[in-house]
Amino acid sequence: MRSSLTVGMASALTSENVIPVMFVEMDFSSGFLRVNSAVSMYEVEGNNYAGVGTLGKIDPIDESTELQAYGLQLSLSGIPNTLIGTALTEHYQGRALRVLVGALDASHVLLASPVLVFAGRMDNMQITLGPETASISLTAENRLVDWDRPRIRRYNNADQQAEYPGDLGFEFVEQMVNKTLFWGKVSTI
């Protein structure tokens, strides 16, 4: 999923001395981690993105005219070992990840609102620890990949309680499996 190129971003890209900047937003269970590939902090859509100087590497973002799910591979390097605890201990699989692209001028001023180029969910994370810093390799998948996953529902009380606690709509379903029902006449049993 990506947004269209805005008029402001199109004119920013045609100006002289444009510096591209990537914004990455990762949703961890303790809160969002927002970083950008510049050295300064920038505010985008009301959120602050910390400057890390370099994000490492973001693989090319594939897209086509066909309805198909494409993934993304990104690497974050130079992360202090003190921040690795977040990646090691927190739940991240299936949580949101967004990548935006912006443009800076020669004075490192954001020229226009960044454009969304990828929105998906974090999948796998591999961490390589060094003596003082670490690197993280993260794969993300497009939300369209959910179309290929089966939706298994049991239509029993336990399944209903897991989805909607307190709802008694399926309370007697299991009793109905072996129940003999008489339709149209009075039962002699």
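Student: What makes β2 and strand β4 (residues 47-51) a pair?

Tutor: Two strands pair if DSSP finds at least two bridges between them. Two bridges join β2 to β4, so the condition is met. The two strands run parallel. Strands here are DSSP runs of E with at least two residues, and helices are runs of H or I with at least four residues, both numbered from the N terminus. As one example of a bridge, Asn 36 stands opposite Gly 51 in β4.

Student: What should I know about the model before going on?

Tutor: This is a predicted model, in which local features need pLDDT of at least 70 and side-chain atom pairs count only at pLDDT 80 or more, while totals for chains, interfaces and linings use all residues. Residues are numbered from 1 along each chain as its sequence is written, and side-chain values use heavy atoms, with hydrogens and water left out.

Student: How many helices and strands are there in the protein chain?

Tutor: The protein chain has three helices and nine strands. From the N terminus on, they run α-β-β-β-β-β-β-α-β-β-β-α.

Student: How do you know that β1 and β2 pair?

Tutor: Strand β1 (residues 19-28) and strand β2 (residues 31-36) share six bridges in the antiparallel sense. The rule asks for at least two, so β1 and β2 count as a pair. Val 24 has Val 35 in β2 as its bridge partner. A hairpin of two residues joins β1 to β2.

Student: Why is Asn 36 called buried?

Tutor: Buried means under 20% relative accessible area, exposed means over 50%, and partly exposed lies in between (1.4 Å probe, protein chains only). Asn 36 has a relative accessible area of 0%, so it is buried. Asn 36 lies in strand β2.

Student: What makes the approach of Asn 36 to Ala 38 a polar contact?

Tutor: A polar contact is a pair of N or O atoms within 3.5 Å; within protein, one must be able to donate a hydrogen and the other to accept it, and residues adjacent in sequence count only if both atoms are side-chain atoms. A polar atom of the Asn 36 side chain lies 2.7 Å from the backbone nitrogen of Ala 38. The side chain of Asn 36 also has a polar atom 2.8 Å from the backbone oxygen of Tyr 49. Both distances are within the limit of 3.5 Å.

Student: How many aromatic pairs does a search of the whole structure find?

Tutor: The search finds three aromatic pairs. Rings of Phe, Tyr and Trp (its six-membered ring) pair if their centres lie within 6.5 Å; planes under 30 degrees apart count as stacked, over 60 as edge-to-face and the rest as tilted.

Student: Why is the pair of Phe 23 and Tyr 42 called edge-to-face?

Tutor: The ring centres of Phe 23 and Tyr 42 are 6.4 Å apart and the planes stand at 85 degrees, so the pair is edge-to-face. Both residues are buried. Phe 23, Tyr 42 and Tyr 49 form one aromatic cluster.

Student: What makes the pair of Tyr 155 and Phe 170 tilted?

Tutor: For Tyr 155 and Phe 170 the values are 6.3 Å centre to centre and 55 degrees between the planes. The angle is neither under 30 nor over 60 degrees, so the pair is tilted.

Student: Is Tyr 155 buried or exposed?

Tutor: Tyr 155 has 52% relative accessibility, so it counts as exposed. Phe 170, at 24%, counts as partly exposed.
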